[in-house]
Amino acid sequence: MPPSQTSDHVLAEEDAATFEIVQHGHKDLVQAIAFNAYGDRCATGGVDGKIRVFNRHKDGVWRLCDNWKAHAGEILELQWLPPTIYPNLLFSLGIEGRFRLWAEDPSAAPGRRFSSRDGRGKTVSELRSARHPYRSFSIKHDEVTRINYVALLAVDGHLTVFEGEEHQTLTDYAKIDDFQACAKPHRGEETCLKVRFDPNPEPCYTALRAGVPTDALSLVVSGMTTVRIFRTRDTVTSSFGAATRSREFYLAVEIAEHSHLVRDVAWAPGNYRGYDMIATACQDGFVRVFRVDTPFSKDDGKTWSLADIVGNGRADENSNQQGATAARTSQPRRLSQAPSGIRAELDKSGTHGERTSTDLPGQVQHTVKVLSKLGAHRSPVWRVGFDDDGQILGSAGDEGKLMCYRQLPDGSWAKSSELGMMKTRMAGPPTDPS
């Protein structure tokens, strides 16, 4: 039987409820877009230097909340902090290299939540490099310690990582580490730099058994044709005779599978699989998915009990959580408030260069292998990202299509769906000349 008009109407309503075209209102291309954790608030950044925030109301309609002039040039990246932080905070990075923080004023009138009456944003805080402009950033929030971690990658490949408890004061953030994450591009060479934190709260259980600390920071950096994964190891520094615990990044593994520019990189959430996954978008038209493992010896005398994996000091998570939180929050503060001296500067000298894989204490061996090489776009790929569960991988290419992939039982990835938009000329109804 042919489908009835009623069933066609129902399908049309379902499609309308699933996909909705929203006019963004920018006067130029949209360069960056970010959703909050709930998916009911969206921020867009355009080449015109403006940020527009949309809210999804109870009726399912997206409405403009505020728009303001945020940067003098195009906006490169946007990211929200978790909605559990009050008020809502939005980070942005402009082409001029200014890293800015915007805070919502819930008591302000609609249309002025983030901006002032003159249409310009009310910048809460700002960071900028004195040497080279920033080109990429990533934010990670620790729900236990309430500490924010900020990674800023400059155009010369230099990476700086900060931490802070005061969410709205970037100038009070303490510097954890700064080093050369990737090779410095040559003059006149096309550059493409990205940095992303590991979105998982803790390293996967196999990495913990291999010796990675439970509070280790992990991030992936793509620079030109190289992709590198860095992790922190615990170190002890001496300042004025007092030993202080600190963290230092080391090169965990380098991915050398690309011969063209890497346009984007993503770290998959959901490391319950026992390994991590990294996805890259490359100029050669391929999306590559890598598996990162931390091999361990089965004869290490450990079991899969919590005491053996994370240590006896954290075997009882409920009883020691407050003590661990106090220790984590106090140690970075003690390090940041310690005055500088000649000995401290000598200890830090020579650590800002390019990190290499060595056998220093605390470093854990990592291995990487290619899971899939996906060429569905057949054109340069510009963006790649995982969903919140790490089950779906999405990519956008030069042809203007969104490709979605899912992982197969054998661990490889395959294309599952494709979304594209086409402009069609609507024909008007015939008119009666009489």
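Glu 126 is partly exposed in this predicted model, with a relative accessible area of 24%. Its partner in a salt bridge is Arg 128, and the closest N and O atoms of the two lie 3.9 Å apart. Arg 128 itself counts as exposed, because its relative accessible area is 53% and the cut-off for that label is over 50%. So this pair joins a partly exposed residue to an exposed one.

That contact is one entry in a longer list, as the structure holds 19 salt bridges. The general idea is simple enough: side chains of opposite charge can pair when their charged atoms come close. A second example brings together the side chains of Glu 163 and Arg 247, with 3.7 Å from N to O. Glu 163 belongs to strand S11, which covers residues 158–164, while Arg 247 belongs to strand S16, covering residues 242–255, so the bridge ties together parts that are 84 residues apart in sequence. Here Glu 163 and Arg 247 are both buried.

Next comes the pair of Lys 401 and Glu 418, whose closest N and O atoms are 2.9 Å apart in their salt bridge. Lys 401 sits in strand S23 (residues 401–407) and Glu 418 in strand S24 (residues 413–420), so the pair links parts that are 17 residues apart along the sequence. Lys 401 is partly exposed, at 33% relative accessibility, and Glu 418 is also partly exposed, at 40%. Salt bridges can also join up into something bigger than a pair: Glu 77, Lys 194, Arg 196 and Asp 264 are linked in a network of them.

Back in the strands already met, two residues are worth a look. Tyr 250 lies in strand S16, the strand that also holds Arg 247. With a relative accessible area of 3%, Tyr 250 is buried, since that label applies under 20%. Tyr 250 and Ser 218 are 32 residues apart in sequence, and 9.7 Å separates them in space from C-alpha to C-alpha. Met 403 lies in strand S23, which is where Lys 401 is found too. Met 403 is buried as well, with a relative accessible area of 2%. Lys 415 is twelve residues away from Met 403 along the chain, and their C-alpha atoms are separated by 7.1 Å.

The backbone has a few quirks of its own. As a rule, most residues other than glycine have a negative phi, and most peptide bonds are trans. Tyr 86 and Pro 87, however, are joined by a cis peptide bond, with omega at about -5°. Pro 87 is placed in the loop between strand S5 (75–80) and strand S6 (89–94). Arg 146 is not a glycine, yet has a positive phi of about 60°. The loop that holds Arg 146 runs between strand S9 (134–142) and strand S10 (147–154), and the residue is partly exposed, with a relative accessible area of 33%. Met 224 shows a positive phi too, near 65°, and is likewise a residue other than glycine. Met 224 is found in the loop between strand S14 (218–223) and strand S15 (226–239). Despite its place in a loop, Met 224 is buried, with a relative accessible area of 10%.

On the surface, Val 30, Ile 33 and Phe 35 form a nonpolar patch, and together they offer about 270 Å² of accessible area. Val 30 lies in strand S1, which spans residues 30–35. At 33% relative accessibility, Val 30 counts as partly exposed.

Inside, the structure holds two cavities of 30 Å³ or more. The second largest cavity has a volume of about 30 Å³. Its lining is made up of Asn 36, Arg 41, Trp 80, Leu 81, Pro 83 and Asn 88. Sorted by class, that lining has three nonpolar residues, two polar ones and one charged one. Trp 80, one of the lining residues, falls within the range of strand S5 (75–80).

Technical notes. Residues are numbered from 1 along each chain as its sequence is written. This is a predicted model: local features need pLDDT of at least 70, side-chain atom pairs count only at pLDDT 80 or more; totals for chains, interfaces and linings use all residues. Side-chain values use heavy atoms; hydrogens and water are left out. On a 1 Å grid over the protein atoms alone, a cavity is a set of points where a 1.4 Å probe fits but cannot get out, and a pocket is an open set with protein on both sides within 12 Å along at least five of seven lines; lining residues have an atom within 4 Å of a point. Grid points are joined across faces, edges and corners, and a volume is the space filled by probe spheres set on the points. Ala, Val, Leu, Ile, Met, Phe, Trp, Tyr, Cys and Pro count as nonpolar, Asp, Glu, Lys and Arg as charged, and the others, Gly among them, as polar. Patches are made of residues with over 30% relative accessible area and no salt bridge: like charges are joined within 9 Å, nonpolar side chains (Val, Leu, Ile, Met, Phe, Trp, Tyr) within 5 Å. Accessible areas come from the Shrake-Rupley method with a 1.4 Å probe; for residues, only the protein chains shown count as cover. A salt bridge is a side-chain nitrogen of Lys or Arg within 4 Å of a carboxyl oxygen of Asp or Glu. Helices (H or I, at least four residues) and strands (E, at least two) are DSSP runs, numbered from the N terminus. Buried means under 20% relative accessible area, exposed over 50%, partly exposed in between (1.4 Å probe, protein chains only).
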